[in-house]
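Me: Please take a close look at one part of this model, the open sheet of three strands. Set it in the context of the whole chain, and keep it brisk.

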Amino acid sequence: MRRISSALTVIGTTVALAVSGAVGAVAAPAAGTPAPTPAPVSAPDAAVAPDAPEAPEETAVPTAPGVPVGKKLSLQRVAAAGETGVPQANVTVPYVDKYQALLNKTSMDPVRIDIRPAGSTKVVLSVSKFRLVREDGSSAEDTFHWESDPIVLDALGTYEVDVYAKNPVTGEQGSRSDSRKFLYAPGASMDLSSSKEEFSLDGLSAVATGRITAKDPKTGARVPLEGVTAVVSTDVVEKNSFRGKTDADGRFSVPFSLLGSEYVPYVAARFIEDEGYAYADQYLKVVAQQAFVTLTGPTTNLTMQYGGSPVRGQLTRLAGDGTVKPVGAGHIINAACVAPAGCTASTEGSRTRADGTFTITPRVQQPGTWNIGVRSPWLLKPTTGGTVTIARVTNTTRMTEETVSAPTADGKLTFTGKALIDGTTTESAYIQVDAMRPDGTWQALRSTPRPFNSTFIVAIDIPKWQVNGWRLRVAESKTFGPSTGTRILKPSRLHTWFTPNRLPYSVPKGGGLTMKGTLYTLTPEGTAKPLAGQKVHYFFKANGSTTWKEMSTSVTSTTGYYRRTVIPTQGGEWQVRFTDGASTRFNSSTAPSSVSVL
């Protein structure tokens with residue numbers, strides 16, 4: 001038998017149990033307690049059929065800082081296919097103040113659950129209605145669990161659950177009384193205050209105090225919760241957390257200490273007792289201290305590789321007693337380019353170590369001046385000591401010797417050139433071929449690796465749309481810079497293209513198939529115009545064949561328009577081609593279109 005587990009986050013009260021243990025025989029209710037009549041779990045009002053499960057509700061996710069990351073209310077998968085035995089119970093709170101039991105799906109269906117005060121045999125509530133729902137987020141279609149009707153009790157306190165179940169096929173009955181205790185505390189809430197409201201890196205410790213209460217189910221009055229655990233933390237994931245218990249009046253007093261690197265300083269508290277839940281927080285005021293940056297090694301007239309080289313140093317602070325001390329761990333170091341004018345590059349993310357030392361690698365792309373600083377509410381921005389000047393940047397690149405050749409027989413353009421690099425690298429240059437659209441913008445059509453400092457060859461398919469020019473580029477990488485060729489390349493022949501030739505997916509046997517559109521070309525000035533008086537060819541390739549056959553021809557009108565209707569006898573691909581460009585224009589074709597004959 002697997003253990004039931006559940007993770008949830010709500011604003012208000014949350015109760016959840018994890019239970020495990022042996023399965024016992026069916027037990028009668030405690031003496032003096034009438035035995036409820038078990039509701040048949042197959043009844044329409046008692047269960048949802050497996051082929052139409054209802055999705056479990058989700059809880060609200062707190063947005064205040066310090067609240068643990070929210071999770072959907074979802075019972076994790078607890079039962080493998082064919083698991084046998086009495087289900088385990090897990091009492092939880094899908095909404096504020098609404099308690100219910102979740103039970104894993106086994107060979108035995110739940111008949112009822114009995115709720116009794118912890119350590120007592122007296123049953124104070126029996127629940128006998130359940131519904132079967134699909135697991136929230138489960139990828140398995142056969143993963144379900146049971147949900148009980150709401151659990152409503154008359155008194156606050158810690159309770160236990162007994163489960164009674166029956167196999168609907170064999171009639172076998174069983175029970176289990178091994179549930180972990182759960183806390184019934186509707187409307188639980190807490191308040192919180194810190195013994196200090198102002199903190200600095202000279203003093204990070206204080207005491208968090210507060211009170212945890214809940215609503216009395218009978219009177220609605222607020223009453224204290226004694227003996228529950230208050231968790232005090234200064235970060236969302238509670239890596240820096242402290243714990244203490246409430247007294248008879250529901251009050252707690254927990255010493256805590258900030259890390260001194262929190263970007264939003266606050267203290268938060270929640271209580272967790274058998275998964276009961278409430279939350280409070282308080283923002284804290286920080287008295288910032290003056291920071292100083294001391295860089296290690298040369299800082300002027302540096303030569304750096306494109307992408308940057310490590311810069312090392314130490315961050316210190318002016319303490320309240322007038323001495324200079326390391327800032328400690330976790331402060332965010334940043335680097336910003338401040339010259340030449342227009343340089344806006346920046347780098348952030350490196351953090352100080354315990355002794356205040358750091359290493360940061362500015363994303364250097366050009367010679368200039370960089371300021372090294374810190375981003376922290378605990379420290380005032382350094383005014384001196386954090387500047388590096390870069391006189392030369394290596395691993396910059398340059399595109400040269402660009403050419404474009406006549407198209408090949410298979411409709412490709414071939415480009416050549418040479419990508420030069422100022423420095424050394426084991427990487428290849430990524431050569432990018434860009435095409436100029438009619439509106440003057442550039443579109444990358446291919447990027448492929450080629451060695452630096454050697455003549456390269458790159459071939460691309462001729463586009464089936466208007467291209468007014470070409471250029472070659474070296475794409476940027478982490479260790480070398482980008483560059484763009486200065487030449488706008490135009491082939492010696494003019495570009496041609498067809499408007500899209502949209503054909504139907506199928507035609508009836510004996511029916512006609514019409515191919516039509518317009519043939520365009522570029523003028524020497526780079527503008528588009530219809531290509532009149534040119535022969536276009538209609539080709540067909542039957543399904544299963546590798547051979548294209550010319551089926552017909554026509555001549556474009558004065559507006560470049562073409563049209564031809566054919567009677568297909570079998571399914572296959574159709575294509576329109578312009579093949580008479582000779583030495584003045586590129587040949588072109590439409591994309592193949594598959595047409596079935598029904």
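Reply: Take contacts with a sequence separation of 6 or more: 65% of them in the protein join residues 24 or more positions apart. This is a predicted model. The protein has 48 strands and zero helices. Of its 598 residues, 47% are buried. The accessible surface is about 28100 Å², and carbon and sulfur atoms hold 51% of that.

Now the sheet. Its three strands run in the order 32-33-36, the sheet is open, and the pairing is antiparallel. Strand 32 covers 396–404 and strand 36 covers 455–461. Both stand at the edges. Each has a single partner strand, so one side of each lacks a neighbour in the sheet. On average, neighbouring strands here are turned by 30° against each other, direction ignored.

Look at one pairing in detail. Strand 33 spans residues 412–422. Strand 32 pairs with strand 33 over seven bridges, in the antiparallel sense. Within this part, V404 stands opposite F415 of strand 33.

V404 also leads to the packing. The largest nonpolar core has 75 residues, and I113 and I151 touch the most other members. A second core is separate and has 22 residues. V404 belongs to this second core, and its other members include A429, V474 and L489. V404 is therefore a buried residue, since a nonpolar core is built from buried residues.

Back to the largest core for contrast. What does I113 contact, leaving aside neighbours within four places in sequence? The partners begin with A101 and L103. Next come L125, S126, V127 and F130. Then there are S148 and I151. V161, D162 and V163 complete the list. I151 thus appears twice: as a contact of I113, and beside I113 as a residue that touches the most other core members.

One covalent feature remains. A search of the whole structure finds one disulfide. C337 and C343 form it, with sulfur atoms 2.0 Å apart. The torsion about their S-S bond is about 120°, so the disulfide is right-handed. C337 and C343 are both buried.

To return to the sheet: strands 32 and 36 are its edges, strand 32 pairs with strand 33 over seven bridges, and V404 ties the description to the second core of 22 residues.

Key. Residues are numbered from 1 along each chain as its sequence is written. This is a predicted model: local features need pLDDT of at least 70, side-chain atom pairs count only at pLDDT 80 or more; totals for chains, interfaces and linings use all residues. Side-chain values use heavy atoms; hydrogens and water are left out. A nonpolar core is a set of buried Ala, Val, Leu, Ile, Met, Phe, Trp, Tyr and Cys residues joined through side-chain atoms within 4.5 Å. Buried means under 20% relative accessible area, exposed over 50%, partly exposed in between (1.4 Å probe, protein chains only). Contact means heavy atoms within 4.5 Å. Two strands pair if DSSP finds at least two bridges between them. Helices (H or I, at least four residues) and strands (E, at least two) are DSSP runs, numbered from the N terminus. Axes are lines fitted to C-alpha atoms, for helices over the stretch in contact, and angles run from 0 to 180 degrees between N-to-C directions. A disulfide is a pair of cysteine sulfur atoms within 2.5 Å. Accessible areas come from the Shrake-Rupley method with a 1.4 Å probe; for residues, only the protein chains shown count as cover.
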